[in-house]
Amino acid sequence: MQAIILAAGMGRRLGEYTKDNTKCMVPVNGVRLIDRLLGQLSKQSLNRVIIVVGYKGKELREYIESTYLLKPSTHHSPLKIEFAENPVYDKTNNIYSLALVKDKLQEDDTLLIESDLIFSDRIIPMIAENPYPNLALVAKYETWMDGTMVRLDDDQNIVNFISKDAFDYNEVDSYYKTVNIYKLSRQFSQQKYVPFLDAYTKAVGNNEYYENVLRIISLLNNHDMKALPIGNEKWYEIDDKQDLDIAEALFADEKDVLRKYYGRYGGFWRFPQMLDFCYLVNPYFPSKRMKDELRANFDTLLTEYPSGMKVNTLIASKSFGVSEPYIVPGNGAAELIKVLMEDTLGRTGFIRPTFEEYPNRYDKNQQVTFEPKNADYRYTADDLMTYFADKEIQQLMVINPDNPSGNFIPKNDILRLAQWCEERNIRLIVDESFVDFSEDYANNSLLCDEILKTYPHMAVMKSISKSYGVPGLRLGILCSADKDLIARIKKEVSIWNMNSFAEFFMQIYNKYEKDYLRACDKFVAERADFEQQLRQITFFHVMPSQANYFLCEVLPPYKASEIVIYMLKQHNILTRDCSLKPGLDPTKQYMRIAVRDHEDNTRLVEGLKTLIK
C-alpha cells in the first residue's frame, strides 16, 4: 500500500499563516500538520508516500527532504517519499493534482489524504486495516462541517455524493461528511477511477474536485465504494484561522487543554459531538412549539432592525410583570452587571465562593468578603446580617441560589435581609438568575412591583439566558423601585442593545408561560435524580443545590483537573474545575457540574464510573 498526499493548495483563507508556507506547514500546538501526518503514516507498512506540491512547493520539498530524507530519525520509521509538482496550482483544483499522479495511483492500493487535516492516531489504522478495498472515511454531519457530503444505505454503501450546490438543510439528518481520507484499491483505480477521471477532466476541465468523479461512479449503483463512519474519533479540516483555533483546542496537550477550552467562554457547537457540562442551561425550555415559532420568523428577524430601549422596556415589563419605570432589559445580564458595578460606590459586601463577574468589576480595596466556614459552603440571611453588621458597607451583593455552591436563602429570609438593608441605607443587589430552578420556584422570585416598592434600596438582577434556556439570545433584566438607578442604567446602555431575536422572544414568551412552568417542574425532578446518580461516584462529595449545577468536592486519590481532562479526552464531555476559585478551600479539589437532561446526565455519570479505581 502507498499514500498520496495532496498539498498543492494556496490556503488563502489562512491569511498570514500561509504567506510564506503552504497549509500543511502550519503548526498546530507547535507541530506542523505535515509532521503529524508523516509521523502517523510512518507507523504503517507503506511502500511509498507521494506528495503533490504546488504553492510554496520548493520550501515544502526542502523541509521534508532535510527532515525525513537526509537525516536519520529516531522518531519515525523510514519513509520512501516522492514528489510530484502541480505548476498551475493557482488555476486548478485538487482533481488536477490527483490527475498528475494517476499513473502512480494505478500501481498500488492507495491511501488518498488531503494535507490540511488533523486527526487522531487511530484514524489511519482504522481505514488501512479494514478488509474492504475501497473506503471513504465519513463523519455524521454537524453544523460546523462544509464541503462534500454523502448518503449511505443500510450496508454502508455510498449511494450518492452531495455537492455544495445540491446541499439541502432539510436533509442534514441523512448526511455524512467525507473526512477526505480514502482507500482506493489498485483494481478500482485502474478499472474505474482513472478512466472516469480522464473522461471527466476532458469534458469539464481541471478546476474541479476529485470527489466529483467518485460521485459519478456512485450513480452507477454498483456499490464500489463503502463508507467507514469514524464515530467519536477526533478530526478537523483546517481551512481558515477559526479552524486553526478550534484544532488547537481539540488536539491540545494536557497542560493547555483546559485553558484553550475555558478561554473560549462558549461557542462549543463547533466541536464535534462535545457535551458541555461546564456552561449552564435550562434543558427543558424553550418548548418545541416556541422554537417552531422562532424558526418561522427567522427570515424577518434576521433582516429587520430591532426596537430601541423604550419599546424593549415595555415588552420586558409585559413579559416579566414589572412596571416599566422599574425594569431595564440588557444584552445578557453581563451588560447590566458591568453598568451596575460602575454605578456602585463605597464599601461593598461580597460572599465567596461566588460568581466572579461582580467582584471582578469592582475596586478590590472597597470589597468586604464573607466566606462560610462549613464544608458545604452553606450560609443564611442571619449569617450575613451578623457578619456585615459592623462592616460599614454601602452595598451587599447576594447571588441566590449562589454560584457555584448552590446555596439558597428562602424568600422570606431574603426579604428580612432586604428590610435589614433598608434600615441601614444599604443597597441590596440580589442576582436571582437561578431562582427558577429552586424548589417552590413559582413563589421564590422577587420580581413584582409590590416587593420592589417595599424595598426601594434593593435591585434584582436576572439572566433570562440561563433560566429560560436561551443563552444564544443574550437576554437579562435589572429591576428596582429606585427609578433614578434604573434611569442611570438606561442612559449608560446603548439604545439598540438587544437583537431582534431576543426582542421577539420576550414578545411571544407569555404564550408559552405554562410550558415554562412545566419545564421547571421537570427540571426539579431531574436534578433530584441526577443528584442520586452523582452520589454513586465514590470520589465525589456532592453538595446540596437549588440551582442548575452541583458543586462537588473531589476526594483523593483524584484531582479535579485530571478528572476534567479524562472526561474531555475519553468521553468528549467538558466539565468545570473550580479548585482555584476564591473562597473555596485551597487544600481541596472541586468541580462544578451542570444539570442537563436525563440522557446527558446519565452519559456523564457512566463516564465518571469508568474512572473509579
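How far is the sulfur of Cys578 from the closest cysteine sulfur, and which residue holds that neighbour? Select Cys578 and Cys278 and you have the pair: the two sulfurs are 8.1 Å apart, too far for a bond. Keep in mind as you click around that this is a predicted model.

**Stop 1: the cysteines**

While Cys578 is still highlighted, check its surroundings: Cys578 is buried, at 5% relative accessibility. Now jump to Cys448. Its nearest cysteine sulfur belongs to Cys479 and is 10 Å away, so Cys448 is in no disulfide either, given that a disulfide needs two sulfurs within 2.5 Å. Cys448 is partly exposed, with a relative accessibility of 26%. The disulfide count comes to 0.

**Stop 2: zoom out**

Show the full cartoon. The protein has 613 residues, and 56% of them are buried. You should find 22 helices and 26 strands. Along the principal axes, the C-alpha atoms fill a box of roughly 90 × 55 × 45 Å. Switch to a surface if you like: the accessible area comes to about 27,200 Å², and carbon and sulfur atoms account for 48% of that. Of the contacts between residues at least 6 apart in sequence, 74% join residues at least 24 apart.

**Stop 3: a mixed sheet**

Back to the cartoon, and select the strands from E15 to E21. These 7 strands make an open sheet, in the order E15-E21-E20-E19-E18-E16-E17, with mixed pairing. At the edges sit E15 (327–330) and E17 (367–370), each paired on one side only. From one strand to the next, the twist averages 20°.

Next, add helix H14, residues 381–388. H14 lies across E16 (348–351), E17 and E18 (395–399), and runs at about 135° to E17.

**Stop 4: strand E20 and its partners**

Pick residues 458–463, which is E20. On one side, E20 runs antiparallel to E21 (residues 476–480), and 5 bridges join the two. To see one of the bridges, show Ser463 with its partner Gly476 in E21. E20 also pairs with E19 (residues 427–431), this time in the parallel sense and over 4 bridges. Here, look for Ile429 opposite Ala459 of E20.

Are the residues of E20 buried or exposed? Turn on the side chains and have a look: 6 of its 6 residues are buried. In a regular strand, side chains alternate between the two faces of the sheet. In E20, one side carries Met458, Val460 and Lys462, while Ala459, Met461 and Ser463 are on the other, and both faces are covered. Note that Lys462 is among the buried residues.

**Stop 5: the nonpolar cores**

Nonpolar side chains tend to be buried together in soluble globular proteins. For the largest nonpolar core here, select Leu41 and Phe540, the residues with the most contacts inside it; the core has 159 residues. Helix H20 (residues 513–534) gives the most to this core, with 7 residues.

Stay on Leu41 and show what surrounds it. Beyond its neighbours within four places in sequence, Leu41 is in contact with Ala3, Ile5, Leu46, Val49, Leu79, Leu111, Ile113 and Ile124. For the last selection, try Ala84, Val138, Tyr176 and Tyr182. They are among the 31 residues of another core, which lies apart from the one around Leu41.

Conventions. Residues numbered from 1 in each chain as written. Predicted model: local features only at pLDDT ≥ 70, side-chain atom pairs only at ≥ 80, totals over all residues. Heavy atoms only, no water. Pairing = 2+ DSSP bridges. Axes fitted to C-alpha atoms, helices over the stretch in contact; angles between N-to-C directions. Contact = heavy atoms within 4.5 Å. Buried < 20%, exposed > 50% of the residue type's maximum accessible area, 1.4 Å probe, protein only. Core = buried A, V, L, I, M, F, W, Y, C linked by side-chain atoms within 4.5 Å. Areas by Shrake-Rupley, 256 points an atom, 1.4 Å probe, with all protein chains shown as cover.
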